[in-house]
Amino acid sequence: KNIITIYDLVCERYPETMEGRNRRLLRGHLKPCAQSADAIVTISDFSKKEIMEVYGIPGEKIHVAYCGVDTEFYRPAESDEEKRKDLEIVKKLKGDGRYILYVGTLEPRKNIVNLVKAFDILKSREGFGDVKLVLAGGLGWQPDVTLKAIDSCESRDHIIRTGYISQDQKRALYRCADLFCFPSIYEGFGMPVTEAMACGTNVVISHSSSLPEASCGLAPMVEINDEFGFAEEFDDFLSGKTEPHSKEKLIGAVSRFNWEDAARVYREAINSIR
């Protein structure tokens, strides 16, 4: 008996966003592995539907175990001392002023090029002179297009690339951000979205794949290539035209994503094939 875990089908839906060797391996082996498995675990209802549609796997064979968010770690600061430490960490990473945050690798699938275009549009308007865009994370596959877009944009001096960051740095950035944006083209789940919300930070997402599911319907959605749409959402949040969700509402929504439930689903998958 065997159970396999499939996170997403990016190799089938967006193969051009993957490194060639990984793409060939997955496209050659994933479908037969899925068809021969006794059970499959995946990480969102979206990915379950993808597996059913692309590989023709019956739904009763697929179990959804959402990725958990560690709400003991990813949570708002609870004391003045915590807040002070967070502000110190953030200031060292990006200086003063308001900021929009992205967390993840810099690679084509993450759609950073359109995020940068949207930021450029925002910065061309009055009232956003202090706002920065913080891109937190290391370089992924084929980062050249993304780096070129950053270097050539009008607002490049207000875009901060932190490189790889620690968990404490990531949490501080989430907590202090004025807004979090995750514009990815395709995700099996999208853990940065749930982590940001668990820290009480409002989120803007692309209208794609599993991201509406991960955000529990609490994030404005923008089509992946609509840089003007992203800019409008940034403008509305930062100027106060959009009323932000309360920290309590955001935290309550993502509390449904926990590792205990994920473990329960794996146990059910095991029991289903005994």
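Start by selecting N202: leaving aside neighbours within four places in sequence, N202 is in contact (heavy atoms within 4.5 Å) with L179, F180, F237, P244, H245 and L250. Its place is in the loop between α8 (191-198) and β8 (203-206); helices (H or I, at least four residues) and strands (E, at least two) are DSSP runs, numbered from the N terminus. N202 is buried, with a relative accessible area of 9%. For that label, buried means under 20% relative accessible area, exposed over 50%, and partly exposed in between (1.4 Å probe, protein chains only). Now show H245: its backbone nitrogen lies 2.9 Å from a polar atom of the N202 side chain.

Before moving on, keep in mind that this is a predicted model, where local features need pLDDT of at least 70 and side-chain atom pairs count only at pLDDT 80 or more, while totals for chains, interfaces and linings use all residues. Residues are numbered from 1 along each chain as its sequence is written, and side-chain values use heavy atoms, with hydrogens and water left out.

**The cores**

Next, select I100, L101, L135, F180 and F234, the residues with the most contacts inside the largest nonpolar core, which has 64 residues. A nonpolar core here is a set of buried Ala, Val, Leu, Ile, Met, Phe, Trp, Tyr and Cys residues joined through side-chain atoms within 4.5 Å. Colour helix α5 (residues 112-123) too, since the largest share of this core, seven residues, comes from there. Apart from this core lies another, of 18 residues, and A34, F46, Y55 and I224 are among them.

Zoom in on I100. Not counting residues up to four places away in sequence, I100 touches F119, L122, V131, K132, L133, V134, L179, C181, F234 and L238.

**Salt bridges**

Which residue does R13 pair with in a salt bridge? Select E50: the closest N and O atoms of the two are 2.9 Å apart. A salt bridge is a side-chain nitrogen of Lys or Arg within 4 Å of a carboxyl oxygen of Asp or Glu. R13 sits in helix α1 (residues 10-13) and E50 in helix α3 (residues 45-55), so you are looking at a link between distant parts of the chain, 37 residues apart. R13 counts as partly exposed at 33% relative accessibility, whereas E50 counts as buried at 7%.

Move to R98 and D130, whose side chains meet in a salt bridge (2.9 Å, N to O). R98 lies in the loop between α4 (80-94) and β4 (99-103), and D130 in the loop between α5 and β5 (132-136), so the pair ties together parts 32 residues apart in sequence. For a network of salt bridges, select R75, E78, E82, D86 and R175. The structure holds 19 salt bridges.

**The three-stranded sheet**

Finally, show the open sheet of three strands, in the order β1-β2-β3 with parallel pairing; two strands pair if DSSP finds at least two bridges between them. Its edge strands are β1 (3-6) and β3 (62-64), each pairing on one side only. Four bridges join β1 to the parallel strand β2 (residues 39-42), and I3 stands opposite A39 in β2.

Add α3, which packs on the sheet and touches β1, β2 and β3, its direction making about 165° with that of β3. Axes are lines fitted to C-alpha atoms, for helices over the stretch in contact, and angles run from 0 to 180 degrees between N-to-C directions. Your last selection is α12, which lies across β1, β2 and β3 and runs at about 165° to β3.

Note on methods: A polar contact is a pair of N or O atoms within 3.5 Å; within protein, one must be able to donate a hydrogen and the other to accept it, and residues adjacent in sequence count only if both atoms are side-chain atoms.
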